[in-house]
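Colleague: I am new to this structure and would like a close look at a single part of it. Please begin with one contact, describe it with care, and then lead me on to whatever lies beyond it.

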Amino acid sequence: MAGLSAGQTLETALKSSRLLRPSRWPLEQALAKAAGASRLFLHLPAHRRGTGRPPSAVALPWSYDLPELPDIGGPLEPDGAVAESQQQLAQCLGAERSWYGVNGASGLLQACLLAAAQRPGQLLLPRNLHRSLLHGCALAGVTPALYSPPIDPLTGLWQPLPPEQLERLLRQAGPVSLLVLVSPTYQGLASDLPELVAIAHRYGAAVLVDEAHGGHFGFDSSLPVCALAAGADLVVHSVHKSLGGLGQSAALHSQGAAFAPAALEQALGWLQTSSPSAVLMLSAEQAYRHHCSATGGRQLLARLQQAQVLREQLLAAGIPLLMNDDPLRLLLHTGAWGCSGAEADAWLLQRGVIAECPELLSLTFCLGLGPSRGLGRQLRQALQQLRQAKGAPALPPVQPPPFPLISRLALSPQQAWAQPSQALPLGQASGRIAAELLCPYPPGIPVVLPGERLEPVRLEWLQQQQRLWAGQIPDTVRVLV
């Protein structure tokens, strides 16, 4: 089935009768039927549909925690409610195939890399990758090339990859089997995916989009074009990050001829549990079902409007918010108040305000799909108190790391992790090969990769950052012996 066009959103597509579905999707119907049936349940899980749960256990849908019974199935089974639910999900989103995942977006991204490793050509990954992608390279035994998107010195944040930079990358890189794009970023910065995907395809590269934080894109015309509508070959959603599912719930979507479903399912079988949680898959089904309904569309629109009102209230109060592409992510520029995101996060956490992703000069607040009405006064007061407590002259711009346009590793991550290593001071590691990831701050984006040769300019940058941002970068690095 062809995906949605770049100009079409699910908001308009849902008006088509082919997307109208009953109030319950297949998995929920099957689990409700099985949970209410009068049967002798002598199978795992051991809690026996909740009857054997600990007396102090909190209320959970114990009776829905069922194994891969014939009428339920699993993500890789051809029949059963899960298979039907995945087919319905793919139709709703305009994908050709969809699979639920219960090991988070991390496990699905890694499965994509395992499948891509079977294709000729190299893997081209972004420097602002989540470390799970590097773990996937180690599992696949491949040595990726890495490209560096631009960094804004004033905010310290990775920026979307410009299309003209991608053209230069692909001309310089040589044959690329898979290009990985991160869009949106943790902070809600989205790339021009239709243009980037078109460029990659012209060079013969398939495209995997880590859209973990943008599962809600495409459900409303005010949001950026979603990766499927942009033509990406593979798209991974973290359902709990942007669509309201339980933790660890995720989904993989594919379209086009670059990856045979059998190759993807083989990789999924290697990395996903053979006992997938029906409750987690039900959570994902319900989250997507809600967004694929008229009610869900209206709720999302209301949440977006409430978030815009909240943003305007905070800006009117002098709160320095950075611009981004996702209204449901508020990005506080803590550097404007003279404190790092980590300092602001620690101060707010002690006062009951729990944020996300502290960076050197910013702090992210995830509004999610809950109502934002009424948050304005409470959040405004907390941030104004933060300014009074921590306010100082603005911090200096961040010096971007000295990454080349394309970085190539001296050894594969798998080889580097397997060899003996020792810790050396940063000043003594010049020319040595790194043995570990160096991730100085969340959300797990590394500035040193295992298998990477540590050149003097990088070590000088690390030492400078260590002096500027105490506690963010260690004074030693593990290198191969």
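Modeller: In this predicted model, L310, Q313 and L314 of helix 11 meet L375, G376, L379 and R380 of helix 13. Sorted by character, the residues of this contact are 4 nonpolar, 2 polar and 1 charged. Helix 11 covers residues 294-316 and helix 13 covers residues 375-390, and their axes come within 10 Å while crossing at roughly 35°. The hand of this crossing between helix 11 and helix 13 is right-handed.

From there we can turn to the sheet, which is open and has 8 strands in the order 1-9-8-7-6-2-3-12, with mixed pairing. Its edges are formed by strand 1 (97-101) and strand 12 (406-408), each of which pairs on one side only, and the twist from one strand to the next averages 20°.

Strand 2 is a good place to look inside this sheet. It spans residues 122-126, and 5 of its 5 residues are buried. The cover lies over both faces, since Q122, L124 and P126 on one side are buried, as are L123 and L125 on the other. Strands of a sheet are held in pairs through backbone hydrogen bonds, in a parallel or an antiparallel manner. Strand 2 runs parallel to strand 6 (residues 176-182), with 3 bridges joining the two, and L124 stands opposite L179 of strand 6. Strand 2 also runs parallel to strand 3 (residues 145-147), again with 3 bridges, and here L125 has L146 as its bridge partner. Helix 5 (residues 131-140) completes a right-handed β-α-β unit with strand 2 and strand 3. Strand 3 is in turn joined by 3 bridges to strand 12, but these two run antiparallel, with A145 partnered by R408.

Helices also pack on this sheet. Helix 3 (residues 81-93) touches strand 1 and strand 9 (250-254), and its direction makes about 125° with that of strand 1. Helix 4 (residues 104-116) lies across several strands, among them strand 2, strand 6 and strand 7 (206-210), and runs at about 165° to strand 8 (234-238).

The loops around these elements hold some details of their own. G174 sits in the loop between helix 6 (163-173) and strand 6; its relative accessible area is 31%, and it is therefore partly exposed. Although G174 and G121 are 53 residues apart along the chain, their C-alpha atoms are separated by 8.2 Å. In the loop that leads from strand 6 to helix 7 (193-202) lies P184, and the peptide bond from S183 to P184 is cis, with omega near 0°.

As background to that bond and to the two residues that follow, most peptide bonds are trans, and most residues other than glycine have a negative phi. Q248, in the loop between helix 8 (239-242) and strand 9, has a positive phi near 85°, and C357, in the loop between helix 12 (341-349) and strand 11 (363-366), has a positive phi near 50°. Their surroundings can be set side by side: Q248 counts as partly exposed because its relative accessibility is 44%, whereas C357 counts as buried because its relative accessibility is 4%.

Technical notes: Residues numbered from 1 in each chain as written. Predicted model: local features only at pLDDT ≥ 70, side-chain atom pairs only at ≥ 80, totals over all residues. Heavy atoms only, no water. Axes fitted to C-alpha atoms, helices over the stretch in contact; angles between N-to-C directions. Helix = DSSP H or I, 4+ residues; strand = E, 2+ residues; numbered from the N terminus. Left-handed = near helix turned anticlockwise from the far one by under 90°. Contact = heavy atoms within 4.5 Å. Nonpolar A, V, L, I, M, F, W, Y, C, P; charged D, E, K, R; others polar. Buried < 20%, exposed > 50% of the residue type's maximum accessible area, 1.4 Å probe, protein only. Pairing = 2+ DSSP bridges. Right-handed = clockwise from strand over helix to strand, strands pointing away.
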